[in-house]
Amino acid sequence: MKVNWQGVYPAISTQFNADGSINFASNTRMLEQLITDGINGIIALGTIGENASLSAEEKRAFLKHTVETVAGRIPVIAGCTENTAQLAIQYVQDVEAIGVDGVMLLPAVVYRGTDREVLTHYQMVARATKLPIMIYNNPVSYGVDINLEMTATLANEPNIVAIKESTTDTRRLTELQSRFGDRFTLFCGVDDIALESLLLGATGWISGLTNVFPRESVTLYKLARAGRIEEAREIYRWFMPLLRLDTIPTLVQCIKLAEQLAGRGSEQVRMPRMTLIGDERAYVEKVVGEAMASRIDLSKYNLD
């Protein structure tokens, strides 16, 4: 599949059984629901997918199952967060053989590399595969900013085609477009600046909360892209308390609990994460409950 780098791409969760094993049946149900709800693609084994908590064998088994379930209906982009370039190269070659459509590539996050080291990591991995690659730039979480000068170097790699921009600074989107034109497709990677990012030229949105409310997410995206700003604001204001859950250290637990409360999945996570308790849990329950009780009638927007 040639990836259409546009639209709403949920960063899907990895569903687990109570004993910690992967629940493939639950993953199938969630994928089918998301496709029915109109999402444009998925990111598998990103942060929300608890990539670093899975073994190498589990990652490949999960991606194989995901590719087979999706069956070419939408693009499947595999997150790649390996601690060495050699491991990342093996990973991208394996997932290419499995049949994923692209890779979202992170730096080696256990070590905060220099600019030269990070660039070399990206170059080595990009040259080891024919898959299209999305740069995941998240200096807030990973301590490495793939800045404009580094991006200029990576522009020489023909299969590095997209950027998930997660600096939290919307000015970076304008800077990237001013410097590189349409060389890279830009995705918003921070939920609570999604509308701003789309209005500034991002053509896609990678999100955790879109797993819970995909129809609202797709509608927000379509309204923003159509320039129907007042209508987009209405959904965005309703959505904002939920979107904030994607920007805190316990985002995975928050999103998986929200999935469970919405009847879409389970809150089961793997260590080192633990399910939420106390005030944190009560807050997520409150926010999701209020959102469920005040859902907007999306049919009024006449987008179909």
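Colleague: Where is the place of Ala71?

Modeller: This is a predicted model, by the way. Ala71 follows H2, and strand E3 covers 76–80. That puts Ala71 in the loop between H2 and E3.

Colleague: And is Ala71 buried or exposed?

Modeller: The cut-off for exposed is over 50% relative accessible area. Ala71 comes out at 56%, so it counts as exposed.

Colleague: What is phi of Ala71?

Modeller: Most residues other than glycine have a negative phi. Ala71 is not a glycine, yet its phi is positive, at about 55°.

Colleague: Which loop holds Leu45, the residue with phi near 65°?

Modeller: Leu45 also has a positive phi without being a glycine. Its loop starts from strand E2 (42–44) and leads to H2. So Leu45, buried with a relative accessible area of 1%, lies in the loop between E2 and H2.

Colleague: Back to helix H2 (residues 56–70): is Thr69 in it buried or exposed?

Modeller: Thr69 has its place in H2, and leaving out residues up to four places away in sequence, it touches Thr28, Leu31 and Glu32. Buried means under 20% relative accessible area. Thr69 is at 14%, so the answer is buried.

Colleague: What does His121 touch, not counting residues up to four places away in sequence?

Modeller: His121 is in helix H4, residues 115–126. With 7% relative accessibility, it counts as buried. Its contacts are Glu82, Thr84, Ala85, Ala88, Leu105, Leu106, Pro107 and Ala108.

Colleague: Let's move to the pockets. What volume does the largest pocket have?

Modeller: Rolling a probe the size of a water molecule over the atoms shows where empty space is left. For the largest pocket, 35 residues form the lining. Its volume is about 690 Å³.

Colleague: Which residues lie nearest the centre of the largest pocket?

Modeller: The lining as a whole divides into 17 nonpolar, 14 polar and four charged residues. Nearest the centre of the largest pocket are Thr47, Asn138, Ser141, Tyr142 and Leu251.

Colleague: Which element gives the most to the lining of the largest pocket?

Modeller: Two elements each supply at least two residues of that lining: helix H5 (139–142) and strand E8 (204–207). The one that gives the most does so with three residues, and that is H5.

Colleague: On to helix packing. At what angle do H9 and H10 pack?

Modeller: H9 spans residues 214–225 and H10 spans residues 229–243. H9 passes H10 in a left-handed crossing. Their axes are 8 Å apart, and the angle is about 145°.

Colleague: Which residues in H10 do the H9 residues meet?

Modeller: From H9, the residues in the contact are Glu216, Ser217, Thr219, Leu220, Leu223 and Ala224. The residues of this contact divide into eight nonpolar, two polar and two charged. On the H10 side they meet Glu231, Ala232, Ile235, Tyr236, Trp238 and Phe239.

Colleague: What does Arg295 touch, leaving out residues up to four places away in sequence?

Modeller: Arg295 lies in the segment after helix H12 (278–293). It is partly exposed, with a relative accessible area of 39%. Its C-alpha is 34 Å from that of Tyr142, 153 residues apart along the chain. The residues Arg295 touches are Phe213, Glu216 and Trp238.

Colleague: Which residue does a cis peptide bond join to Met271?

Modeller: Most peptide bonds are trans. Here omega is about 15°, in a cis bond. The partner is in the loop between helix H11 (251–261) and H12, and its name is Pro272.

Colleague: How many Å apart in space are Met274 and Val252, C-alpha to C-alpha?

Modeller: Met274 lies in the loop between H11 and H12, and with a relative accessible area of 56% it is exposed. Leaving aside neighbours within four places in sequence, Met274 is in contact with Gln253 and Val269. Met274 and Val252 are 22 residues apart in sequence, and the distance in space is 9.8 Å.

Colleague: Last one: how many Å apart in space are Glu290 and Arg183, C-alpha to C-alpha?

Modeller: Glu290 has its place in helix H12 and is partly exposed, at 43% relative accessible area. In sequence, Glu290 and Arg183 are 107 residues apart; in space, C-alpha to C-alpha, the separation is 41 Å.

Notes. Residues numbered from 1 in each chain as written. Predicted model: local features only at pLDDT ≥ 70, side-chain atom pairs only at ≥ 80, totals over all residues. Heavy atoms only, no water. Axes fitted to C-alpha atoms, helices over the stretch in contact; angles between N-to-C directions. Helix = DSSP H or I, 4+ residues; strand = E, 2+ residues; numbered from the N terminus. Left-handed = near helix turned anticlockwise from the far one by under 90°. Contact = heavy atoms within 4.5 Å. Nonpolar A, V, L, I, M, F, W, Y, C, P; charged D, E, K, R; others polar. 1 Å grid on protein atoms, 1.4 Å probe; cavity = no way out; pocket = protein on both sides within 12 Å on 5 of 7 lines; lining within 4 Å. Points joined across faces, edges and corners; volume = space filled by probe spheres on them. Buried < 20%, exposed > 50% of the residue type's maximum accessible area, 1.4 Å probe, protein only.
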